[in-house]
Amino acid sequence: MANIVAIVGRPNVGKSTLFNRLTESRKAIVDDFSGVTRDRHYETAEWIGKNFTVIDTGGFVHGSDDVFEEAIRDQVHIAIEEASAIIFMVDVTTGITDLDDEIADILRRSSKPVYVAANKVDHAKLHHDSAEFYAFGLGEIYNVSSATGSGTGELLDAVVSTFEDEPEDDTTLAKYTIVGRPNVGKSSLTNALLGVDRNIVTPVAGTTRDSIRIHYKQFGHEFLLIDTAGLRRKSKVNEDIEFYSVMRTIKALEDSDVVLLMLDANDGIEAQDINIFHLAEKNRKGIVIVVNKWDTIDKDNKTMKEFEARIKEKIAPFTDIPIVFTSVTEKQRIFKTLEVAAKVYENKTKKIPTSKLNEVMLQVIENYPPPALKGKYIKVKYVTQLPGRTPMFAFFCNLPQYVKDPYKRYIENKLREHFDFEGVPIQIYFRQK
Ligand code: GDP
Ligand code: GDP
């Protein structure tokens, strides 16, 4: 179950400031590596051990003033349908405006948990001013200052308390999802896989799930294809709204093991694709990049390599990702895509025997040990793969706090070199022995 928290409200109340605060640490990491991903409106966050995705709805409103209010209303409707919880942000320095009232009216009619955050309460003396927001009839008012962070802890405590517990997964089959911008060929691929005879598919609609799982079993492949597009919509909001498709993508992604990120060869990889890529990486999903419409490209024997190089440059530093070039309409490499996805799933779920791991990695470390710090030597005693749904390795040593990131990256590269984790994010921990 994807826990999505949508921050709604009119412009300038402080939505993006709160968003940045909630996702701060992770954003900083991403910004180190590339400039392209700065403009992000959704991001994973964590509070008291609960993971969720935060969406700043303000980031999805574009266009002139007259379409503005309409767009905001649409977003509120979509948030009600798709989010797990909604933070309705208002501004204590301006008080209630007409648009605030309108938004509150829509929210009052929903059954989703709504938290009213009175922002810009930078000083205790403003606390009383926020009392007017009780007039919304939406319950408790949370006084916050997104700028300083004050009050945001209480708000988050309340928000995460409504999350449902992750249901036990009832399947051992691999779950794939095809994501990508509109028109890249996602439904064409789905149809090509499922064939004309749609009877081979059994939609397994879970009770609490937001997506349909299609059971695929043919030509030696068996998996569940996570499909959100096929779901019937509850209200009449325009499906082409970017905000809506992002919500659906996040949900499909969180329910899957391997994400097939599809691109149109004519457009290459764009900012939106990179956002999805990073979200998949953060959520520790297996990833395959599918470059579709390869039939429409003029090519020689270097074109594929050049394409690959350009994509890898954009997704750095995590570049150990398989890239498949397909033409769905010409039926080129469709099954190759499945094979690659299956391999990534295998890489994600395999367990390296401890003896093998130690034999290889202790040698690697001996050849190039962690640099000594303050005259102290770091001695790694042994290595083990931790249990989990994704590859995690613990390196036990005397001074784990002295091991720096460049060395961890070196270790990660060596693990990839020796054991093949293509397409899979891996975690490395140095721990006290
Ligand atoms: P959004 O349009 O709702 O995303 O609003 P922004 O996050 O862009 O903030 C609008 C303005 O309010 C900016 O100038 C922010 O610096 C300011 N702002 C945001 N949060 C606070 C706050 O807690 N206190 C004060 N005093 N100003 C804030
Ligand atoms: P979606 O929005 O991502 O589901 O994209 P669709 O599957 O609806 O495809 C959008 C358009 O691209 C349709 O007209 C498809 O026929 C076309 N298309 C899909 N795959 C290919 C391909 O490999 N080559 C070419 N030339 N066209 C394709």
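These questions and answers walk through a predicted model of one protein chain and its ligands. In this predicted model, local features need pLDDT of at least 70 and side-chain atom pairs count only at pLDDT 80 or more, while totals for chains, interfaces and linings use all residues. Residues are numbered from 1 along each chain as its sequence is written, and chains are lettered from A and ligands numbered from 1 in the order in which they are written.

Q: How many helices and strands does the protein chain have?
A: Let's start with the basic parts. Helices (H or I, at least four residues) and strands (E, at least two) are DSSP runs, numbered from the N terminus. Counted this way, the protein chain has 11 helices and 16 strands.

Q: What percentage of the residues in the protein chain is buried?
A: A residue is buried if 20 or more other C-beta atoms lie within 10 Å of its own, exposed if 12 or fewer, and partly exposed in between, with C-beta atoms placed from the backbone. Applied to the 433 residues of the protein chain, this gives a buried share of 40%.

Q: Which helix gives the largest share of the shell around ligand 1?
A: A residue is near a molecule if its C-beta atom, placed from the backbone, lies within 6 Å of it. Around ligand 1 there are 15 residues, and Gly-14, Lys-15, Ser-16, Thr-17 and Ala-147 come nearest. Three residues of the shell, the largest share, come from residues 15–33, which form helix α1.

Q: Which helix gives the largest share of the shell around ligand 2?
A: Ligand 2 is surrounded by 15 residues, the closest being Gly-185, Lys-186, Ser-187, Ser-188 and Lys-293. The largest share, three residues, belongs to residues 186–194, which is helix α5.

Q: Are the residues of strand β7 buried or exposed?
A: In a regular strand the side chains alternate between the two faces of the sheet. In β7, Lys-175, Thr-177 and Val-179 point one way, and Tyr-176, Ile-178 and Gly-180 point the other way. For this strand (residues 175–180), six of its six residues are buried.

Q: Which residue of β11 stands opposite Gly-180?
A: Two strands pair if DSSP finds at least two bridges between them. β7 runs parallel to β10 (residues 221–227), with three bridges, and Lys-175 stands opposite Leu-224 there. β7 also pairs in the parallel sense with β11 (residues 258–264) over five bridges. In β11, the residue opposite Gly-180 is Met-262.

Q: Which residue of β16 stands opposite Phe-395?
A: β14 (residues 380–386) and β15 (residues 392–397) run antiparallel, with six bridges, and a hairpin of five residues joins them. Within this pair, Val-383 has Phe-395 as its bridge partner. β15 is also joined to β16 by six bridges, this time parallel. In β16, the residue opposite Phe-395 is Phe-430.

Q: Which strands stand at the edges of the open sheet of β14, β15 and β16, and why is one side of each left without a neighbour?
A: The order in this open sheet of three strands is β14-β15-β16, with mixed pairing. Each edge strand has a single partner strand, so one side of it has no neighbour in the sheet; these edge strands are β14 and β16 (427–432).

Q: Which helix gives the largest share of the largest nonpolar core?
A: A nonpolar core is a set of buried Ala, Val, Leu, Ile, Met, Phe, Trp, Tyr and Cys residues joined through C-beta atoms within 7 Å. The largest one has 114 residues, of which Ile-86, Phe-88, Val-116 and Leu-261 touch the most other members. Its largest share, seven residues, comes from residues 242–254, or helix α6.
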